[in-house]
4 protein chains.
Amino acid sequence: MHTIIFESDTPAGRAFDVGLLWAIVLSVLAVMLESVESIRVQHGQAIRVLEWCFTVLFTLEYVLRLLSVNRPLLYASSFFGLVDLLAILPSVLSLVLPGMQSLLVVRVLRLLRVFRVLKLASFLGEADVLLTALRASRQKIIVFLGAVLSTVVIMGSVMYMVEGSANGFDSIPRGMYWAVVTMTTVGYGDLSPKTVPGQFIASVLMIMGYGILAVPTGIVSVELAQATRQHAIDPRACPGCGLEGHDLDARHCKRCGNVL
Amino acid sequence: MHTIIFESDTPAGRAFDVGLLWAIVLSVLAVMLESVESIRVQHGQAIRVLEWCFTVLFTLEYVLRLLSVNRPLLYASSFFGLVDLLAILPSVLSLVLPGMQSLLVVRVLRLLRVFRVLKLASFLGEADVLLTALRASRQKIIVFLGAVLSTVVIMGSVMYMVEGSANGFDSIPRGMYWAVVTMTTVGYGDLSPKTVPGQFIASVLMIMGYGILAVPTGIVSVELAQATRQHAIDPRACPGCGLEGHDLDARHCKRCGNVL
Amino acid sequence: MHTIIFESDTPAGRAFDVGLLWAIVLSVLAVMLESVESIRVQHGQAIRVLEWCFTVLFTLEYVLRLLSVNRPLLYASSFFGLVDLLAILPSVLSLVLPGMQSLLVVRVLRLLRVFRVLKLASFLGEADVLLTALRASRQKIIVFLGAVLSTVVIMGSVMYMVEGSANGFDSIPRGMYWAVVTMTTVGYGDLSPKTVPGQFIASVLMIMGYGILAVPTGIVSVELAQATRQHAIDPRACPGCGLEGHDLDARHCKRCGNVL
Amino acid sequence: MHTIIFESDTPAGRAFDVGLLWAIVLSVLAVMLESVESIRVQHGQAIRVLEWCFTVLFTLEYVLRLLSVNRPLLYASSFFGLVDLLAILPSVLSLVLPGMQSLLVVRVLRLLRVFRVLKLASFLGEADVLLTALRASRQKIIVFLGAVLSTVVIMGSVMYMVEGSANGFDSIPRGMYWAVVTMTTVGYGDLSPKTVPGQFIASVLMIMGYGILAVPTGIVSVELAQATRQHAIDPRACPGCGLEGHDLDARHCKRCGNVL
């Protein structure tokens, strides 16, 4: 049973994974559709029945998973164990406590279970390149976020002082929200500078902000280029010491000097 | 006849292509202008006459193409064969079925026929580099789209819960539309968070989203650099020392001076 | 006189350039300020006097330039000759023809004259790297613009059909304007999809559009990297044939095989 | 005392820095919260008491810093000395001059003091790579800003002429503000073209603008790649064959196998 539920090398395991994938996607779709007023009024009953089928199915699966692992507690407290629990908890809770209706949206987190199933996908290597690039640039991104956050706090305060409550900038946090909306070039327009000095400061922030925001793109590009290069590396292992990862033009092992 | 219609090496074929190009561009322009209320009222008659000329012309061309190929059915069911058919079908259908007036906009797909004619352009090689880069990064882009889609679903649900119908987030799909508008930094402002927690979550999404969206740019940059390098590299190896990677205009090895 | 006006190696020439730079910047500032209602009412007289001083100054300079070159007609019909003429023409015309008041804004083109003076700047080399990169990627950018334009036409038509006049999409050109605003992630919000299918199509366009617009960034990055590398290249010339531009690790000339 | 306040190698110095960090962050948070109307009404008294504690604390720290350095004047006139003074001045001034209440927002600049404390952070090296990249591309960025500014002035004037006051473009500076908002793809929508020629010109500006704004991203990517490479490269040359550019962990030359 363990190989069917947790692995995907056997035909049965693969069939189980595909079935689970469909169940997850359909149950998330059901949650989405239920949130639409007009659909809830017309097909509410059908969706609720479907929802209970999914809840029973996922509960069954959760119990099977608990039974088929050697250390159930370790599984239950792991990230995917908690996600599995979250997938069934809201429906069960809404039955016990009628006031928890608003918690039903939490069921959309079932979507995260897709990632467990997708472990079987062939393009995990690609995701790995992306993650390697992001992880390698972690420190640069923290430095960058610090610079962005400082700019946001200072520019938000400046605009609060310059524009004032009359133009919608009624507190520093509100000004900071405006600064984020502006620096990321989202620009909803729900808050926008009205006075001449405010528009001048905003223009400077936009142009500077564009320069600042070129940095993460640059970081990711450089790290991605390195991660790609590392994946494209020579498959030869040194016959002397077994070291791998040589440059493509290497003729001697860089560790022991043996001819490759 | 086949060489005139399908090839463009002969003067006649080239003239045919240029004429066709103009006919396509003018017919698309006519469709556009007809959609403008004030122009339709004033010059509607003239545009409709022009439209019928183009339809007759394209029908004639379609029949000629069918006649001049060896296997007409294969052509008719190919991508460009269908586009050629779509270019004349709406006008003909609107004659038979008066209710199909709204289908006339489909005629704008005639624009796709331009790409068939542009096959003759000298810069196809450049398009090839771009396509190679995009195709090579296909798997990375799928992984990336999966991450974006999950974020959109989860953030859309969160905002539906936090902001609620009162602020315009009246269903999860609506929240997902907002999340896409925000993450891509389009930011129409037709939907924007009004509550303080909503604005805080939106700020986090924007900054995180900017980081996530640096990824496709990085992917395309890296792949484009590789595709450019592959197009520019010389396959020759030096007969003297075996060095590879010479410039395309090199006649001697840069390491040992041997004639290549 | 020619060396003072056209060159900037002599102290007199440099002083002339700096003075001209200030005159240009101040006159453009005057045009800007005159366009502001409240300033025009209060200081209109002073600005108009200043404007006439600048016009007289620029006219004098234009006449001097004409006199000091050998072939005045060639100068007058060159790009910078026309810009010099455009700098004085609107003011003179507004004197002769009172109806041409609205042409006065053209005087802002005086700003282009700054680039003539800035020829002396030390960082022209940097501008050269940028221009080399942009020129090298010209063909790729044309291909890219073709793809963007096709997407804009087709998506504009689709939204005209889906949303219709009731939601502001009252013609195909209007829909194309919306598509440009959306694909470039500007997102004013003056036009935004209101129907559910419209919002779905717009979401797809935004995510796809973001991918497409990663392409110019990638193109510019790659070309910039190449242009930078070419500027960083080895200064050695081959003693045999005089060829320059060798790789940094080259020991033999790649054209004649001579030792470098 | 000097080592405790200015260095962070000793346990006491580290404790001092961590305490100061918390004081700074909390005092900035207090300034932010005080700016929110509802919180000021409810907890105004508590926040003001807290504020005075921080002011006394920072004043004490400022005096201690002045006493513990050899040349107090040099410290007081340095960048961080001025920031330290700015952190306490507004509160003191608001006591003396009741009309200076609006200056209290300046206290948010205390945030800059965080950077002094963060000097201890281990990821200063990363910030150094980023700064090296930005500094190396300074000249390119100036050229780029010049091009952007010229485009902004000219497009702002064109839109002022084309759209006019009736559509909100009531002066050239206002038009320039619109041009910045559009070119940086922020797009608030508080000003947007209403006429057909205006929308056409805006569309061209957006697409061109997107191309122009790909330049800073490209610049930063290239410089970042170079700065990263310079930080990662090994200065050793092989004693046998003279090859350079070895990996940092290499012990043998990859070409001839010699010990490095």
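Helices, as named in this tour, are DSSP runs of H or I at least four residues long, numbered from the N terminus. The model to be explored is a predicted one.

**Stop 1: the annotated spans of chain A**

Select residues 141-162 of chain A. This span is 100% helix and 0% strand, and its end C-alpha atoms lie 31 Å apart. Next, select residues 49-67 of chain A, which are likewise 100% helix and 0% strand. Here the distance between the end C-alpha atoms is 27 Å. Both selections come from the UniProt record: its unreviewed entry carries the annotation "transmembrane region" for residues 20-37, 49-67, 87-109, 141-162 and 200-222 of chain A.

**Stop 2: a salt bridge in helix α3**

Display the side chains of Glu37(A) and Arg40(A). They meet in a salt bridge, with an N to O distance of 3.4 Å. Both residues belong to helix α3 (residues 37-68) of chain A, and because they are three residues apart, about one helical turn separates them. Across all chains, a search of the whole structure finds 36 salt bridges.

**Stop 3: from chain A to chain D**

Now show chains A and D together. A turn of 91° with a shift of 1.3 Å along the axis lays chain A on chain D, with an RMSD of 3.0 Å. The two copies are therefore related as by a four-fold rotation axis. To find the part of chain A closest to this axis, select Ser221(A): its C-alpha is 2.9 Å from the axis, the closest approach of any residue of chain A. Ser221(A) also falls within the span 200-222, one of those annotated in the UniProt record as "transmembrane region".

**Stop 4: the contact between chains A and D**

Select the residues at which the two chains touch: 50 residues from chain A and 49 residues from chain D. The size of an interface is often given as the accessible area lost when the parts come together. For chain A and chain D, the area buried between them is about 4,400 Å², of which 68% is on carbon and sulfur atoms. What is the count of salt bridges between chain A and chain D? The count is zero. There are, however, five residue pairs in polar contact between the two chains, both residues of each being at pLDDT 80 or more.

Finally, colour α8 (138-163), α9 (172-183) and α10 (196-231) of chain A, each of which supplies at least two residues of the side that touches chain D. The most comes from α10(A), which gives 14 residues. By residue type, the side of chain A that touches chain D divides into 25 nonpolar, 17 polar and eight charged residues.

How values were computed
Residues are numbered from 1 along each chain as its sequence is written. Chains are lettered from A and ligands numbered from 1 in the order in which they are written. This is a predicted model: local features need pLDDT of at least 70, side-chain atom pairs count only at pLDDT 80 or more; totals for chains, interfaces and linings use all residues. Side-chain values use heavy atoms; hydrogens and water are left out. Copies are superposed by least squares on the C-alpha atoms of residues with pLDDT of at least 70 in both. UniProt positions are given in the numbering used here, feature names are shortened, and annotations may be inferred rather than shown by experiment. Contact means heavy atoms within 4.5 Å. Buried area is the accessible area (1.4 Å probe) that two parts lose on being put together, summed over both. A salt bridge is a side-chain nitrogen of Lys or Arg within 4 Å of a carboxyl oxygen of Asp or Glu. A polar contact is a pair of N or O atoms within 3.5 Å; within protein, one must be able to donate a hydrogen and the other to accept it, and residues adjacent in sequence count only if both atoms are side-chain atoms. Ala, Val, Leu, Ile, Met, Phe, Trp, Tyr, Cys and Pro count as nonpolar, Asp, Glu, Lys and Arg as charged, and the others, Gly among them, as polar.
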